[in-house]
Amino acid sequence: MTRTIVASATREIIIGFDQPFCVIGERINPTGRKKLAAEMIEGNFDTVIKDALEQVAAGATMLDVNAGVTAVDPNETEPPLLVKTLEIVQGLVDVPLSIDSSVTAAIEAGLRVAKGRPLVNSVTGEEEKLEAILPLCKKYDVPVVAISNDETGISMDPDVRFAVAKKIVERAADYGIKPYDIVVDPLVMPIGALGSAGQQVFALLRRLREELKVNTTCGLSNISFGLPHRHGINAGFIPMVIGAGMTSAIMNPCRPQEMEAVRAANVLNGTDPNCTNWIMTYRDHKPAEGGHAVAAAAAPAGAGGRRGGRAARAGVARAE
């Protein structure tokens with residue numbers, strides 16, 4: 001069984017087909033968030049701290065950490081800022097982290113200070129990226145997100161995206177990186193622009209699971225980009241991609257409707273035995289004003305963690 005192990009200093013999480021769905025909190029990312037970007041440039045991490053604590057409280061299994069605040073000389077500015085952000089976040093919460101950057105120097109700087117076994121986000125099928133990122137993953141013994149695009153861009157043909165994923169898995173093997181340490185992002189297209197986007201990703205996920213035997217992730221809210229009431233689409237998408245084989249997603253755990261869909265899918269998929277996590281989360285469930293349901297306290301979406309762990313750029317947009 002394919003199992004990708006990630007860890008904080010003291011907590012280990014397994015991403016796998018037989019595990020609860022892994023929710024990777026997306027909020028610590030200044031892309032499209034001008035206020036957060038300005039704060040981080042000024043050395044103000046109040047929003048980072050707030051987002052870290054809120055996402056874990058809402059049930060995030062992991063947190064994605066991105067410090068790409070500017071396109072001006074990122075090779076110089078991003079590495080120290082990402083290091084500072086990682087140090088703050090891992091000092092606050094006890095969940096594994098995803099080191100998210102398109103700057104190789106920033107990823108390496110982050111790996112030097114990260115505790116446990118973080119996830120690297122990401123590598124693409126571009127030769128330059130493969131040669132830069134895969135040796136780092138081998139050196140630090142960490143798993144990596146593999147995004148299914150290459151020098152030709154993002155293909156609208158799902159067979160091409162599968163071929164790129166296969167290429168990355170094969171190239172990783174050349175460095176001694178096993179398929180279980182590759183988490184493929186098959187690239188979710190906006191359903192409002194491409195009517196077959198849902199069907200494409202469902203078919204891709206089945207192939208990735210059955211043929212490459214890899215875990216998968218995505219920028220979940222890409223599916224609803226440009227549509228009204230995006231969270232309704234996202235919540236409907238979640239159980240369908242889980243049913244097709246997706247094992248994690250970069251998403252906003254602070255959206256109750258979407259987290260309910262994750263937890264319900266875990267129950268129905270058999271990864272929440274005896275409905276334990278569902279009952280713990282919703283036994284004191286009460287309707288709030290306006291008809292929005294809330295739970296007294298959010299339990300983690302995934303129960304796949306255990307103690308004793310060892311030391312979108314390609315996306316379209318997040319739903320705010």
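The exercises below, each with a worked solution, concern a predicted model of one protein chain.

**Exercise 1. Overall description**

State how many helices and strands the protein chain has, what share of its residues is buried, and what area it exposes.

*Solution.* Begin with the secondary structure: the protein chain has 10 helices and 13 strands. Next take burial: of the 320 residues, 54% are buried. Last comes the surface: the exposed area is about 13500 Å², with 55% of it supplied by carbon and sulfur atoms.

**Exercise 2. Helix α9 and its surroundings**

Compare the span of α9 with the expected span, list its buried residues, and find what covers them.

*Solution.* Step one is the span. Helix α9 runs over residues 256–269, which is 14 residues. From first C-alpha to last, α9 reaches 20 Å, close to the 20 Å expected at 1.5 Å a residue.

Step two is burial. The buried residues of α9 are Glu258, Met259, Ala261, Val262, Arg263, Ala265 and Asn266.

Step three is the cover. Elements over these buried residues include the strands β3 (22–28) and β10 (248–251), together with the helices α2 (46–58), α8 (230–244) and α10 (276–282).

Step four is the end of the helix. Gly270 follows α9 and has a positive phi, near 85°.

**Exercise 3. Helix α8 and its packing on α9**

Describe α8 by span and burial, then classify its crossing with α9 as roughly parallel or roughly antiparallel.

*Solution.* Start with α8 alone. Its 15 residues reach 21 Å from the first C-alpha to the last, close to the 21 Å expected at 1.5 Å a residue. Buried in α8 are Arg230, His231, Asn234, Ala235, Phe237, Ile238, Val241, Ile242 and Ala244. These buried residues pack against α7, β10 and α9. Just after α8 comes Gly245, with a positive phi of about 125°.

Now take the pair. The axes of α8 and α9 come within 9 Å and cross at roughly 20°. An angle under 35 degrees counts as roughly parallel, so α8 is roughly parallel to α9. The crossing in which α8 passes α9 is right-handed.

Finally, list the residues that meet. From α8 they are His231, Gly232, Asn234, Ala235, Ile238, Pro239 and Ile242. From α9 they are Gln257, Glu258, Ala261, Val262, Ala265 and Asn269.

**Exercise 4. Helices α2 and α3**

Classify the arrangement of α2 and α3 and name the residues that make the contact.

*Solution.* The axes of α2 and helix α3 (residues 74–92) come within 10 Å and cross at roughly 40°. That angle makes α2 oblique to α3. The handedness follows: α2 passes α3 in a right-handed crossing. In the contact, α2 contributes Val48, Ile49, Ala52 and Leu53, and α3 contributes Thr85, Ile88, Val89 and Leu92.

A further residue of helix α2 is Ala57. Ala57 has 49% relative accessibility and therefore counts as partly exposed. Ala57 and Val93 are 36 residues apart in sequence, and their C-alpha atoms are 9.7 Å apart in space.

**Exercise 5. Two positive phi values**

Where do Asp141 and Leu187 lie, and is each buried or partly exposed?

*Solution.* Recall first that most residues other than glycine have a negative phi.

Take Asp141. Its phi is positive, near 55°, and the residue is not a glycine. Asp141 is in the loop between α5 (127–140) and β7 (144–147). With 36% relative accessibility, Asp141 is partly exposed.

Take Leu187. Phi is positive here too, about 70°, although Leu187 is not a glycine. Leu187 is in the loop between β8 (182–185) and α7 (197–212). The relative accessible area of Leu187 is 2%, so this residue is buried.

**Exercise 6. The surroundings of Ile99**

Place Ile99 in its element, decide whether it is buried or exposed, and list the residues it touches.

*Solution.* Ile99 belongs to strand β5 (residues 97–100). Buried means under 20% relative accessible area; Ile99 has 0% relative accessibility and so counts as buried.

For the contacts, leave out residues up to four places away in sequence. Ile99 then touches Val65, Leu82, Leu86, Ile107, Gly110, Leu111, Ala114, Pro118, Leu119, Val120 and Asn121. For one of these partners, the separation can be stated: Ile99 and Leu82 are 17 residues apart in sequence and 8.4 Å apart in space, C-alpha to C-alpha.

Notes: Residues numbered from 1 in each chain as written. Predicted model: local features only at pLDDT ≥ 70, side-chain atom pairs only at ≥ 80, totals over all residues. Heavy atoms only, no water. Helix = DSSP H or I, 4+ residues; strand = E, 2+ residues; numbered from the N terminus. Buried < 20%, exposed > 50% of the residue type's maximum accessible area, 1.4 Å probe, protein only. Areas by Shrake-Rupley, 256 points an atom, 1.4 Å probe, with all protein chains shown as cover. Expected span 1.5 Å × (residues − 1). Contact = heavy atoms within 4.5 Å. Axes fitted to C-alpha atoms, helices over the stretch in contact; angles between N-to-C directions. Parallel < 35°, antiparallel > 145°, perpendicular 65-115°, else oblique. Left-handed = near helix turned anticlockwise from the far one by under 90°.
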